[in-house]
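Hello,

Here is the structure I promised to pass on to you. Have a look at it first, and then read on for my notes.

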Amino acid sequence: MTATSPPQAVPTVRATQVPPGTAIHATLPGAHFFDAYEVADRHPERPSLQAWLDVAARTPAWTRALMAVRNQAVRLVGLKDLGQLHDGHPPASGRALNDARSYRVGDRVGIFRIRHLSDTEVVMGQDDRHLDVQVSICKRAAAPGAAPTVVLSTVVHIHNLLGHAYMAVVTPFHRVIARDTAQRLAQHG
């Protein structure tokens, strides 16, 4: 008879505040939209960018399909086709796409450019004429008696009426994708 370990509980994602003192928090003034989701960090030793790379490589088919629909629809109003979250772009270092140590600020990762990079936080962004979006993966050390966590934050600055209309349409989808991404950060990141 073999003993098996009990299955690990699925970490709970909870809405939280954009973490104070972080690079993403510094972008909050004037933001029109922001949210943050926190979950237990099962891999606290993994740098923040590596967590993102690991999760983006496993982007679910339903998210890829939503991004494809988004990209087709926005072209009709002259906005950028961003591609996919998991798209590979060679880092300036010329090293491996799946290794966080290959990347520097300014390199492209999926649909974003890296704006801030440390072991504990990566801020990635995408600017367009209608709005600027920034996303952060922030690793937080465990408080006494608690487990380490990872926080996925989004901050959006809207430039015009098209940006407001765009956010009105995408916000419900964003929230579902962000919660799912935070869940996957706990499982794979």
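Please keep in mind that this is a predicted model.

Let me start with the strand pairing. Lys139 has Val150 of strand E7 as its bridge partner. That pair belongs to a longer run: strand E6 (residues 131–140) and E7 are antiparallel and are joined by 10 bridges. Strand E2 (residues 33–40) also pairs with E7, again in the antiparallel sense, through 8 bridges. If you want a residue pair to look at there, take Asp35, whose bridge partner in E7 is Thr154.

How much of E7 is buried? Strand E7 covers residues 149–158, and 10 of its 10 residues are buried. Both of its faces are covered. On one side you will find Thr149, Val151, Ser153, Val155 and His157, and on the other Val150, Leu152, Thr154, Val156 and Ile158.

One residue of this strand deserves its own paragraph. Val156 sits in E7, and its relative accessible area is 2%, so it counts as buried. What does Val156 touch, leaving aside residues up to four places away in sequence? Its contacts are Ala31, His32, Phe33, Leu131, Asp132, Val133 and Met167. You could also check Thr27: its C-alpha atom is 9.0 Å from that of Val156, although the two residues are 129 apart along the chain.

Next, the largest pocket, which has a volume of about 860 Å³. Its lining is made up of 34 residues, and those closest to the centre are Met67, Arg70, Tyr166, Val170 and His174. Helix H2 (61–75), E6, E7 and helix H3 (161–188) are the elements that each give two or more residues to this lining. Which of them gives the largest share? That is H3, with 11 residues. By residue class, the lining of this pocket holds 27 nonpolar, 5 polar and 2 charged residues.

I also went through the aromatic rings, and the count came to 1 aromatic pair. The partners are Trp52 and Phe112, with ring centres 6.2 Å apart. Why is the pair called edge-to-face? Their planes stand at 65 degrees, and the label needs an angle over 60 degrees. Trp52 belongs to helix H1 (residues 48–56) and Phe112 to strand E4 (residues 112–117), so the pair ties together parts that are 60 residues apart in sequence. Both rings belong to residues that count as buried, since the cut-off is under 20% relative accessible area: Trp52 is at 4% and Phe112 at 7%.

Finally, the chain as a whole. It has 3 helices and 7 strands, and their order along the sequence is β-β-α-α-β-β-β-β-β-α. Of its 189 residues, 48% count as buried. Taking the contacts between residues at least 6 apart in sequence, 61% join residues at least 24 apart.

If you have only a few minutes, I would open E7 with its partners E2 and E6, and then turn to the pocket lining, where H3 gives the largest share.

Happy viewing, and best wishes

Note on methods: Residues numbered from 1 in each chain as written. Predicted model: local features only at pLDDT ≥ 70, side-chain atom pairs only at ≥ 80, totals over all residues. Heavy atoms only, no water. Buried < 20%, exposed > 50% of the residue type's maximum accessible area, 1.4 Å probe, protein only. Helix = DSSP H or I, 4+ residues; strand = E, 2+ residues; numbered from the N terminus. Pairing = 2+ DSSP bridges. 1 Å grid on protein atoms, 1.4 Å probe; cavity = no way out; pocket = protein on both sides within 12 Å on 5 of 7 lines; lining within 4 Å. Points joined across faces, edges and corners; volume = space filled by probe spheres on them. Nonpolar A, V, L, I, M, F, W, Y, C, P; charged D, E, K, R; others polar. Phe/Tyr/Trp six-rings, centres within 6.5 Å; stacked < 30°, edge-to-face > 60°. Contact = heavy atoms within 4.5 Å.
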